[in-house]
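Biologist: I am new to this one, so could you walk me through it and let me ask how you know each thing?
Modeller: Gladly, let's look at it together.

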Amino acid sequence: MWTLSPDIDLSNDNLPTADSTRQQKTAEEILRRFANQPGLVLADEVGMGKTFVALAVAASVVRATGHRHPVVVMVPPSVAEKWPREWNVFAEKCLPDASDIRVSGAIRHGIEFLKLLDDPPERRRHIIFLTHGALTRTTNDPFVRLALLRRAGRRRAELQRRRPAIARHASFLLSDKRFRDEALVTRLLETPESNWMDLWNKHSGAAPLDDDPVPAAFVDAIDNDILEPLRDALTLLPMKQSINFDDRLSGAKKALTTAMRGAWADGLRQLDVTLPLLVLDEAHHVKNDNATSGLFANEEAQGDAEALRGPLGGMFERMLFLTATPFQLGNHELLSVLRRFDGIRWPNPIDRVAFEDSISELGDALDTARSAAQRFEQRWTAIDPVQDSSLKSLSSFDNADIESLSRSARAAVTSGIDARKAKDCAAEALRPWVIRHLKSNDTERRRYRAGAAVLDSRAGDLGLPIDGAAALPFLLAGRADAVARLSGDSTGSTRSLFSYGIASSFEAYRRTRSNGAADIDDVEGAKRTAPTTGPVKWYLDRIEQQLPDNPESLARHPKIAATVELTLRLWDEGHKVLIFCFYRETGRALRLHIARALQKRITERAAGALFVDATDPTAVGEAVNRLRNRLLRSDSSGNKRIRDTVEEWADLLDKESRYQLGEVVVRFLRTDSFLVRFTPISPSMTVEELMKGLETAPPGGIPLRKRIESFAEFLSKRTPEDRERILNILLTTRTGDITVDESADDEIDPAEHSPLHTTVAPNVRLANGEVAQKTRQRLMASFNSPFFPDVLIASSVMSEGVDLHVACRHVIHHDLDWNPATLEQRTGRLDRLGSAAQLAGEPLIVYEPYLGGTHDERMYRVVKDRDRWFGVVMGDTRTADNAETGGVETRVPLPLSLVRELTMDLAVTESSH
């Protein structure tokens with residue numbers, strides 16, 4: 001059917017040869033499979049380059065189909081701008097000449113998409129990047145709505161008589177002031193839509209149109225059945241003034257709006273358009289809100305998924321879905337993904353029946369494998385950890401010394417062999433539909449530090465201690481938890497107040513208690529709990545009384561204190577730090593506490609080096625300022641010396657980019673943070689000593705010179721447009737404290753507020769769902785550099801489809817999760833091809849602080865156990881704090897060798913071809 005374009009070469013100097021070879025073979029295999037099946041899922045682990053594989057497939061399909069129709073890549077809105085940039089890199093690095101393939105920017109509205117389909121061959125976009133929900137979201141486009149009104153009023157005398165009323169009230173009915181000109185609207189209603197652009201540009205005083213405002217494909221799809229509800233609504237439009245005229249007009253507008261919404265959806269369903277390929281990014285969207293709510297829990301993605309078998313059914317010849325976490329789906333949800341392929345344009349009904357039979361057989365095989373795996377899990381859980389401790393190091397089911405094992409252990413081994421056999425059968429059935437590659441050498445690639453070990457590697461398998469005044473609220477929370485269980489409240493709604501919130505931060509608990517719900521994981525409209533009464537309320541009231549009010553005391557929360565101390569240590573060593581948390585209150589608290597601690601550290605180090613009283617911040621600031629002006633003032637020789645030297649370090653860049661990078665380095669070197677962190681600061685420091693400091697590594701860290709050279713190399717591999725974008729962001733990033741208010745006109749978003757503070761420290765930044773998407777894009781670019789921010793505190797909005805790996809290899813999961821796939825998605829922001837860790841030959845360090853002896857520790861034990869079982873019992877949906885987790889945290893850990901035996905191998909191999 002289609003083959004990989006012969007000039008596509010995915011090998012480049014960004015990737016190890018093994019990875020680029022795997023990507024090349026995967027793209028070839030996807031195209032080969034398209035000849036015999038409607039679609040497949042590419043499910044490589046996070047950070048393995050699915051984007052470039054998909055672009056190679058898309059470009060090949062465009063060429064194989066003679067550039068006649070576009071390939072559509074449907075992406076989440078949060079990464080819509082990323083895909084076109086990635087195409088530019090792909091076209092520059094992987095194609096000798098990509099001039100024959102034109103791509104769109106991010107298309108966020110269905111009407112824009114349909115207009116692109118209308119374009120003549122000389123202007124046609126061959127790859128269209130369309131956001132989730134763009135096609136299924138109702139259109140508010142006034143031209144499309146007017147076209148529907150025009151067509152509904154034709155051929156019926158009664159409705160034609162309402163044309164003057166439509167023209168007179170068009171501005172109100174269409175909610176657009178441009179349609180106030182009654183004469184112009186009358187002309188539009190009398191003129192075919194294909195002539196509207198010329199008519200508008202000739203008679204309207206508004207901005208001219210550069211394209212036909214109503215796509216021809218949509219006009220052709222409108223038939224009488226679609227228009228009938230609209231005609232009924234038109235009869236409500238008043239023609240003459242009356243006492244209740246305004247009410248009647250408003251009622252008519254409401255009815256017309258409803259009818260036009262249906263007409264848009266029905267019109268899409270009638271579209272006679274055939275496109276070769278749909279690529280659907282982030283095709284899982286399973287939301288973990290204490291219960292796995294199913295595939296496409298994201299509302300817009302859900303609509304897209306349904307539309308593939310509804311309004312968009314039959315539009316695409318083939319489909320490619322991308323996801324990194326297929327096994328967080330249950331069997332039935334995975335099958336639901338695959339059944340979306342039923343929505344292609346089938347060449348004949350026989351192939352469709354064969355597809356349905358194949359998926360049905362696959363379902364039987366997956367059900368058998370899952371049942372066998374669940375039986376094995378039950379038997380493994382029954383093993384006595386003391387009597388059968390030898391199983392902890394079992395290398396294979398086949399190597400078990402059956403005679404020496406207890407009865408329950410023998411049953412577990414036998415059940416494991418059965419599960420392995422069932423898994424092999426299921427993998428054989430699933431392999432045509434899913435391609436999945438796993439990263440190798442996980443123990444060498446990553447290092448995990450959990451509990452108290454985040455601060456002391458000698459702590460062993462212990463949680464963070466809860467000592468001193470902080471202990472009482474947690475003791476009370478434990479009592480409240482026990483009372484809640486005894487009183488029959490096992491829903492978790494009340495327990496979440498003190499079990500989850502207080503383990504995260506005092507601020508999160510207080511917000512939860514006062515509002516009945518906390519802002520969790522950027523979920524709008526979080527479910528609020530009923531007010532507590534009786535004994536539980538007594539304990540919660542006592543907890544409230546024990547919580548501190550001032551920042552210093554709030555910072556002593558044991559997990560907050562550990563995260564702040566760990567961040568300080570890493571900052572001292574010159575590292576960047578990525579921190580994930582669920583609660584918005586915790587994110588704000590961490591931003592405040594870390595910023596205060598860093599500022600204190602900077603002041604203390606500067607005071608000691610400059611012989612100034614550390615208790616007098618004003619005097620310290622003045623001393624640093626004198627040094628800064630002496631060495632780095634814009635007209636000083638030191639300023640020019642540094643810029644010239646940086647340009648030499650950045651010899652891979654073009655002249656203009658070298659100059660801009662020199663400017664960036666100087667403006668950040670002028671900050672207190674950089675002077676203290678990267679130079680041998682002293683009252684008499686010379687330019688030569690400063691330059692030597694840039695080439696000297698801080699203890700445990702990397703010299704700033706090496707970071708700058710690495711960043712320059714990274715920039716050299718970006719497209720000129722992207723390189724200019726990144727440097728402009730760094731040249732305009734704020735480097736001094738700023739007060740945040742609603743009128744802020746820079747990259748500091750008003751949503752980055754925290755209680756108890758008046759300014760934002762620019763080296764510690766916050767990115768949650770309240771922060772504007774444009775600001776988050778700037779933060780991503782600057783975090784992927786040696787410059788500010790040094791610390792990025794993020795929520796779930798930064799855990800999918802986001803690259804944060806260029807300059808950081810330390811991630812802290814301040815808040816854990818019951819679902820191991822959620823933690824993997826977060827860690828995957830740093831564990832990617834071409835990461836800072838990979839290029840430095842150093843491991844990625846993953847920190848998982850948890851509070852010992854609390855609900856927090858239980859979550860840690862359970863999620864670590866599930867991490868091993870997740871791919872074995874495919875789609876373990878027990879992600880809630882419920883009775884099903886009982887005993888999980890204490891059972892014998894499943895050896896990784898057995899995990900490998902029970903996990904499906906869906907990689908592309910030579911035999912695949």
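Modeller: Let's begin with charge pairs: a search of the whole of this predicted model finds 55 salt bridges.

Biologist: What makes the meeting of Arg-108 and Glu-81 a salt bridge?

Modeller: The cut-off is a side-chain nitrogen of Lys or Arg within 4 Å of a carboxyl oxygen of Asp or Glu. Here the N to O distance is 3.1 Å, so the pair fits that definition. Arg-108 sits in the loop between strand 3 (103–107) and helix 4 (110–118), and Glu-81 in the loop between strand 2 (71–75) and helix 3 (82–94), so the bridge ties together parts that are 27 residues apart in sequence.

Biologist: Why is the group of Glu-356, Asp-357, Glu-361, Asp-364 and Asp-367 called a patch of negative charge?

Modeller: Asp and Glu count as negative, and a patch takes residues with over 30% relative accessible area and no salt bridge, with like charges joined within 9 Å. These five names are each Asp or Glu and gather on the surface as such a patch. One of them, Asp-364, is found in helix 16 (residues 349–381).

Biologist: Which elements give two or more residues to the lining of the largest cavity, and what is its volume?

Modeller: The structure holds 6 cavities of 30 Å³ or more, and the largest has a volume of about 110 Å³. Helix 16 and helix 17 (407–430) are the elements that give two or more residues to its lining. Helix 16 gives the most, with 4 residues. The lining has 12 residues, and Ala-369, Arg-370, Ala-373, Val-872 and Met-904 lie nearest the centre.

Biologist: How do you know that the bond from Phe-788 to Pro-789 is cis?

Modeller: Its omega is near 0 degrees. Pro-789 is placed in the loop between helix 33 (773–783) and strand 13 (791–794).

Biologist: And what is the phi of Ser-175?

Modeller: Ser-175 has a positive phi of about 55 degrees, although it is not a glycine. Ser-175 lies in the loop between helix 8 (170–174) and helix 9 (182–189).

Technical notes:
Residues numbered from 1 in each chain as written. Predicted model: local features only at pLDDT ≥ 70, side-chain atom pairs only at ≥ 80, totals over all residues. Heavy atoms only, no water. Patch = residues over 30% accessible without salt bridge, like charges linked within 9 Å, V, L, I, M, F, W, Y side chains within 5 Å. Areas by Shrake-Rupley, 256 points an atom, 1.4 Å probe, with all protein chains shown as cover. Charge placed at Lys NZ, Arg CZ, Asp CG, Glu CD. 1 Å grid on protein atoms, 1.4 Å probe; cavity = no way out; pocket = protein on both sides within 12 Å on 5 of 7 lines; lining within 4 Å. Points joined across faces, edges and corners; volume = space filled by probe spheres on them.
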